Amino acid sequence: MARVAPIVRSTRYEHAINTLVAKRAEISGLIRFNGANLADQLQHIDAVLLILGYKGDPSLIVPLRRAPSRFRKGELYRLILKCEAEGSRANKETAQRIVAMKGWEPSLVERVRQCVNTAKVRRRRKTKLSPLTARDG
């Protein structure tokens, strides 16, 4: 008969605990901010956290609030470049054109203007840093 190695279980579950804490924060955020009906999943996660030796009260884990993204990856900057090619100068004008292109309500112009400003700043920082890293490497 073949010998079977004994099952060795680690007594350290930090990775699993951290993952469960993140998942609990995500689910409780969905419940709190989006009205999802996921309370039973929270109970299961809390039970597993306690089994794995989580120190603290799982109900005190802060809910995660994610802002939904309005644009796909790279879409906003492509729209910015398109608007600027058409003659848009100010961020507000660019935002107005983007809102019109997407068919959104005009009340979103200010939020989109903030996104346009953030995208331009990030792009400037990225292009500013890239020549330095190219010289070093």
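**Aromatic pairing and helix α2 in an all-helical chain**

Trp104 is partly exposed, its relative accessible area amounting to 25%. In this predicted model, Trp104 belongs to an aromatic pair whose other member is Phe71. Phe71 has a relative accessibility of 13% and is classed as buried, because burial requires a value under 20%. The count of aromatic pairs in the structure comes to one. The rings of Phe71 and Trp104 lie 5.5 Å apart from centre to centre, and their planes meet at 55°, an arrangement classed as tilted. Distant parts of the chain are linked by this pair: Phe71 is found in the loop between α2 (39–51) and α3 (75–85), whereas Trp104 occupies the loop between α4 (91–102) and α5 (109–136), with 33 residues separating the two.

A further contribution from an aromatic ring concerns Tyr77. Arg123 is placed over the face of the Tyr77 ring, at 3.8 Å from its centre.

The chain as a whole contains five helices and zero strands, giving the order α-α-α-α-α from the N terminus. Of its 137 residues, 23% are buried. The exposed surface of the chain is about 10900 Å², of which carbon and sulfur atoms supply 54%. When contacts between residues at least 6 apart in sequence are considered, 49% of them join residues at least 24 apart.

Helix α2 was examined in greater detail. The 13 residues of α2 should span 18 Å at 1.5 Å a residue, and the 19 Å between its end C-alpha atoms agrees with that expectation. Four names make up the buried set of α2, namely Leu42, Ile45, Asp46 and Leu49. Viewed down the helix axis, the buried residues of α2 fall within an arc of 100°, and they therefore line one face of the helix. Such a pattern follows from general helix geometry: with 3.6 residues a turn, residues three or four places apart point the same way. The cover over the buried residues of α2 includes α1 (14–34). On the face turned away from the buried side, α2 carries the exposed residues Gln43, His44 and Ile51. After α2 comes Gly53, which has a positive phi near 95°.

Notes:
Residues are numbered from 1 along each chain as its sequence is written. This is a predicted model: local features need pLDDT of at least 70, side-chain atom pairs count only at pLDDT 80 or more; totals for chains, interfaces and linings use all residues. Side-chain values use heavy atoms; hydrogens and water are left out. Buried means under 20% relative accessible area, exposed over 50%, partly exposed in between (1.4 Å probe, protein chains only). Contact means heavy atoms within 4.5 Å. Accessible areas come from the Shrake-Rupley method with a 1.4 Å probe; for residues, only the protein chains shown count as cover. Rings of Phe, Tyr and Trp (its six-membered ring) pair if their centres lie within 6.5 Å; planes under 30 degrees apart count as stacked, over 60 as edge-to-face and the rest as tilted. A charge sits over a ring if NZ of Lys or CZ of Arg is within 6 Å of the ring centre and within 35 degrees of the ring normal. The expected span of a helix is 1.5 Å times one less than its number of residues. The arc is that of the directions from the helix axis to the C-beta atoms.
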